[in-house]
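Reader: Hi! I'm in my first year and still learning to read protein models. Could you take one part of this one and walk me through it slowly?

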Amino acid sequence: MNRLYANTLGIALTLSFSVSAQALELEQAAPEFSLPQLSSEAMNTLSQYRGKVIYLDFWASWCAPCRTSFPLLEKLYQENKDKGFTLVAINMDEEVEAANRFLKTYPATFDILRDTKGQWADIYGVETMPTSFIIDKKGVVRQIHSGFAKDDIADIEEIVNKLLAESL
Amino acid sequence: MKSRGIKVSSIIYMLVFLSACTQVKPWERGDLALPQMALEGDAQEAGVRHHTFASKESGTGGYGGAGGGCGCN
């Protein structure tokens, strides 16, 4: 009886702490997502951005560092969009209104997609909000950036410029 | 016999409560990020209160987070 008790306790504890996420690693090909746009039902896929340097950002309206990142990312996008750079922000909000309110305060002209169920955030292995993946022209993940602080933009700009300089 | 009953029922409870054990994904923390979910409603007021408490009682900590004896400040 004691053994049964101990075994059950052991199994229960193991199950409660088990983590199933298989995070994406550097130098791996970015998984080919297909997600609807924020403001319409049209689907966007990763392959339609292929050949460009992509900054893929997982964000939500309630995430405080995202308020810091958005104006800086918008600037980065404006400065580099004609040089083969693109920025794709995947919104994780449960309610679309919350995302729209956020975007009124922090306007963005880059593509915003929605992953309400967190299916792609799971596949990409997002562990922090926000997490961004910098993908090179060949579709390989070259940098994973967790969280966001004001000074991070300098490093991001550096790697984006480096990847833009690489040939396809 | 009595202790056996306790063990059996605690196993049953454990299995029932197991379903409540789940990992909250980072993107599911929207509700937890709401201001009404904060342990302290007003961070500034809480800071002042803790300061007053510390100087009156010459003791501090136990409020969670930094300052709770983590040695990091």
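Author: Sure, let's look at the sheet in chain A, what packs on it, and the aromatic rings around it.

Two housekeeping notes. This is a predicted model, where local features need pLDDT of at least 70 and side-chain atom pairs count only at pLDDT 80 or more, while totals for chains, interfaces and linings use all residues. Residues are numbered from 1 along each chain as its sequence is written, chains are lettered from A and ligands numbered from 1 in the order in which they are written, and side-chain values use heavy atoms, with hydrogens and water left out.

Start with the sheet. It is open and has five strands in the order S5-S4-S3-S6-S7 (chain A), with mixed pairing. Strands here are DSSP E runs of at least two residues and helices are H or I runs of at least four, numbered from the N terminus; two strands pair if DSSP finds at least two bridges between them. At the edges sit S5 and strand S7 (141-146) of chain A, each pairing on one side only. On average, neighbouring strands are turned by 20° against each other, direction ignored.

Now zoom in on strand S3 (residues 53-59) of chain A, which runs parallel to strand S4 (residues 85-91) of chain A, with seven bridges joining the two. Leu56(A) has Val88(A) as its bridge partner in S4(A), and Tyr55(A) stands opposite Leu87(A) in S4(A). How many residues of S3(A) are buried? Seven of its seven are, where buried means under 20% relative accessible area, exposed over 50%, and partly exposed in between (1.4 Å probe, protein chains only). Val53(A), Tyr55(A), Asp57(A) and Trp59(A) are on one side of S3(A), with Ile54(A), Leu56(A) and Phe58(A) on the other, and both faces are covered.

What packs on this sheet? H2(A) does, touching S3, S4 and S5 of chain A, and its direction makes about 150° with that of S4(A). Helix H5 (residues 152-165) of chain A packs on the sheet too, touching S3, S4, strand S6 (131-135) and S7 of chain A, at about 170° to the direction of S7(A). Contact means heavy atoms within 4.5 Å; axes are lines fitted to C-alpha atoms, for helices over the stretch in contact, and angles run from 0 to 180 degrees between N-to-C directions.

Next, the rings. Over all chains there are ten aromatic pairs: rings of Phe, Tyr and Trp (its six-membered ring) with centres within 6.5 Å, called stacked if the planes are under 30 degrees apart, edge-to-face if over 60, and tilted otherwise. Phe70(A) and Phe110(A) have ring centres 5.5 Å apart and planes at 55°, so they make a tilted pair. Phe70(A) lies in helix H2 (residues 64-80) of chain A, and Phe110(A) in the loop between helix H3 (96-105) and strand S5 (111-114) of chain A, so this pair ties together parts that are 40 residues apart in sequence. Phe70(A), at 0% relative accessibility, counts as buried, and so does Phe110(A) at 4%. Tyr124(A) and Phe133(A) make another pair, with centres 5.1 Å apart and planes at 65°, so that one is edge-to-face. Both Tyr124(A) and Phe133(A) are buried.

Finally, back to Trp59(A) from S3(A). Trp59(A) belongs to one aromatic cluster with Phe70(A), Tyr77(A), Phe102(A), Tyr106(A) and Phe110(A).
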